[in-house]
Amino acid sequence: MKKWLIAILIAAMVVVHQDFWNWSDGSLVFDVLPIGLAYHAFYAILCALVMALLVKIAWPDDLDALAP
């Protein structure tokens, strides 16, 4: 079950990365940051959280035992 959830989460991240809805939007966030750049900053933080979740859940236990 965990592997399916992880696979769906990664697939969703790939789909959400293609932010076609922000391509023609010229609005600003906090009157300084373009919406596309703010979106990708949030996306980068979300990717880091997903990677931390992947390491916590999907990291094989036997790899740590093989390390010298």
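Which residues do ring pairs link into a cluster? I looked this up before anything else. Ring pairs join F20, W21 and Y39 into a cluster. I note here that the model is predicted.

**Entry: the chain as a whole**

I went through the elements and found three helices and two strands in the chain. Starting at the N terminus, I read their order as α-β-β-α-α. I then looked up the overall dimensions. The C-alpha atoms fill a box of roughly 50 × 25 × 15 Å along the principal axes. The radius of gyration of the chain is 17 Å, whereas a compact globule of 68 residues would come near 11 Å.

I also looked up the surface. The chain has an accessible surface of about 5800 Å², and carbon and sulfur atoms account for 76% of that. Of the 68 residues, 15% count as buried. I wrote down the cut-off for this: buried means under 20% relative accessible area.

**Entry: the aromatic pairs**

How many aromatic pairs does the count come to? I noted two aromatic pairs. One of them is formed by F20 and W21, and it is edge-to-face, with 5.1 Å from centre to centre and 80 degrees between the planes. For an edge-to-face pair the planes must be over 60 degrees apart.

I checked where F20 sits and found it in the loop between helix 1 (2-17) and strand 1 (28-29). Is F20 buried or exposed? F20 has 56% relative accessibility, so I entered it as exposed, because the limit for that word is over 50%.

W21 has a relative accessible area of 43%, so I put it down as partly exposed. The ring of W21 also pairs with the ring of Y39: the centres are 5.8 Å apart and the planes stand at 90 degrees, so this pair is edge-to-face. Why does the pair tie together parts that are apart in sequence? W21 lies in the loop between helix 1 and strand 1, while Y39 lies in helix 2 (residues 35-58), so the pair ties together parts 18 residues apart in sequence.

I looked up Y39 by itself as well. Its relative accessibility is 15%, so Y39 counts as buried. My summary of the cluster is that F20 is exposed, W21 is partly exposed and Y39 is buried.

**Entry: a patch on the surface**

Which residues form a nonpolar patch on the surface? I listed V16, F20, W21 and W23. Together they have about 500 Å² of accessible area. F20 and W21 therefore appear twice in my notes, in this patch and in the ring cluster, and patch residues need over 30% relative accessible area.

**Entry: two positive phi values**

Most residues other than glycine have a negative phi. I looked for residues that depart from this. F30 has a phi near 60 degrees, a positive value in a residue that is not glycine. D31 is not a glycine either, and its phi is positive at about 60 degrees.

Where is F30 found? I located F30 in the loop between strand 1 and strand 2 (33-34). D31 has its place in the loop between strand 1 and strand 2 as well. With a relative accessible area of 75%, F30 is exposed. D31 is also exposed, at 68%.

Definitions and conventions: Residues are numbered from 1 along each chain as its sequence is written. This is a predicted model: local features need pLDDT of at least 70, side-chain atom pairs count only at pLDDT 80 or more; totals for chains, interfaces and linings use all residues. Side-chain values use heavy atoms; hydrogens and water are left out. Patches are made of residues with over 30% relative accessible area and no salt bridge: like charges are joined within 9 Å, nonpolar side chains (Val, Leu, Ile, Met, Phe, Trp, Tyr) within 5 Å. Accessible areas come from the Shrake-Rupley method with a 1.4 Å probe; for residues, only the protein chains shown count as cover. A salt bridge is a side-chain nitrogen of Lys or Arg within 4 Å of a carboxyl oxygen of Asp or Glu. Helices (H or I, at least four residues) and strands (E, at least two) are DSSP runs, numbered from the N terminus. Rings of Phe, Tyr and Trp (its six-membered ring) pair if their centres lie within 6.5 Å; planes under 30 degrees apart count as stacked, over 60 as edge-to-face and the rest as tilted. Buried means under 20% relative accessible area, exposed over 50%, partly exposed in between (1.4 Å probe, protein chains only). The radius of gyration is taken over C-alpha atoms; the globule rule is 2.2 Å times the number of residues to the power 0.38.
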